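Colleague: Could you take me through one part of this model slowly, please? I would like a close look at a single short helix and its surroundings.

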Amino acid sequence: MTLLQLKYFQTLAFVLHYTKASEVLHISQPSLSYAIAELEKELGVELFEKKGRKIMLTQYGKQFLPYVEKALALLSEGCDKIKHASNQEAKIVRLGYFYSISSTFIPEIINKIYQNAKDLDLSFHFSQELSENIKNMLENDQIDLGFTMHSSDKLEYYPVLIQQLYLVVPQHHFLSVYDDIDINTFLSEPLIALDQASNLRSIIDKLYHEHNTVPNVAFEVKECNAALQFIIQGLGISILPRVPAIDALPVKYIRINDAKFKRTIYLAWPKNKLLSETAAAVKKFIISNYHI
């Protein structure tokens, strides 16, 4: 029993004329007759009977018709729901980003998109994770677009932001008197460092190496917020980007007199995946407005 056979049966039961039913269905009359005959053969009963030049539903046909109509109606409802869901899904852009750009850069981008791309019917599903996790989520098709500093041969990248790095010290630390500072002034200080998986850690290790030393790591943490808590307790200094709510904390950000204390942030997307029309439009907008 096939879906087409059920649709053919429903139409013929309504029209009660093979020629007219075949015209409605846009098939040949022999094809319709064969489909109905096969359906009757499978059920083991006749669904239609001739009454002169007309055909009528048999008692079995009359009993069978309500079930066919319910089945086809339920299937149609399911198809409509799936189509609606897929259309809605296509309008949702899954965007990933990391903590230090969450309170300034991301709201600015979203605001500009809604202001300047009013013809786009879209909404966002946000994921805030570590930069490395954003890369992994992109590789595993968990998000459509993501801001990251971690590279992968499975992704495509476009530079969108240069993020300045600062020396961060406790509010009453002896270095807090400086508004800008040379790297040699703090090279030996105990450092609250992000762990080895962090992009920021690799930048700092490289910069210290260029000055013929290694960081005096007092503690390793996973992310910037944790580093700030250690700094507040007076357990060391750190090198960080500006992060949300920093002005409310008893720490001081000091500009470092070295142009290398910065990092590039990239918009990334899967290399071999076709983005939805909405995600592709958001990607194009970000690249057009935030290229370096």
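Modeller: Happy to! Keep in mind that this is a predicted model. Let us start just past the end of helix α2, where H26 adopts a positive phi of about 60°. H26 is not a glycine, yet its phi is positive. This residue sits in the loop that links α2 and α3. Is H26 buried or exposed? With a relative accessible area of 73%, H26 is exposed, since the cut-off for that class is over 50%.

Now step back into the helix itself. Helix α2 spans residues 18-25, and its buried residues are A21, S22 and L25. Looking down the axis of α2, you find these buried residues within an arc of 100°, so they line one face of the helix. What covers them? The cover over the buried residues of α2 includes α1, residues 3-15, and α3, residues 29-43.

Those two helices also meet each other, so to speak, and their meeting deserves a look of its own. In general, a pair of packed helices is described by the angle between the axes and the distance between them. For α1 and α3, the axes come within 9 Å and cross at roughly 105°. That angle falls in the range of 65 to 115 degrees, so α1 is roughly perpendicular to α3.

Which residues make the contact? From α1 come Q5, Y8, F9 and L12, and they meet L32, A35, I36, E38, L39 and E42 of α3. Sorted by class, this contact between α1 and α3 holds seven nonpolar residues, one polar residue and two charged ones. The polar one is Q5 in α1, and the charged ones are E38 and E42 in α3.

To put the picture together: α2 has A21, S22 and L25 buried, α1 and α3 are among what covers them, and H26 follows in the loop between α2 and α3.

If you would like a companion for H26, look at N212 elsewhere in the chain. Phi of N212 is near 60°, again a positive value in a residue other than glycine. N212 is placed in the loop between α7, residues 199-210, and β10, residues 217-221. At 75% relative accessibility, N212 counts as exposed.

Notes
Residues numbered from 1 in each chain as written. Predicted model: local features only at pLDDT ≥ 70, side-chain atom pairs only at ≥ 80, totals over all residues. Heavy atoms only, no water. Buried < 20%, exposed > 50% of the residue type's maximum accessible area, 1.4 Å probe, protein only. Helix = DSSP H or I, 4+ residues; strand = E, 2+ residues; numbered from the N terminus. Arc of directions from axis to C-beta. Contact = heavy atoms within 4.5 Å. Axes fitted to C-alpha atoms, helices over the stretch in contact; angles between N-to-C directions. Parallel < 35°, antiparallel > 145°, perpendicular 65-115°, else oblique.
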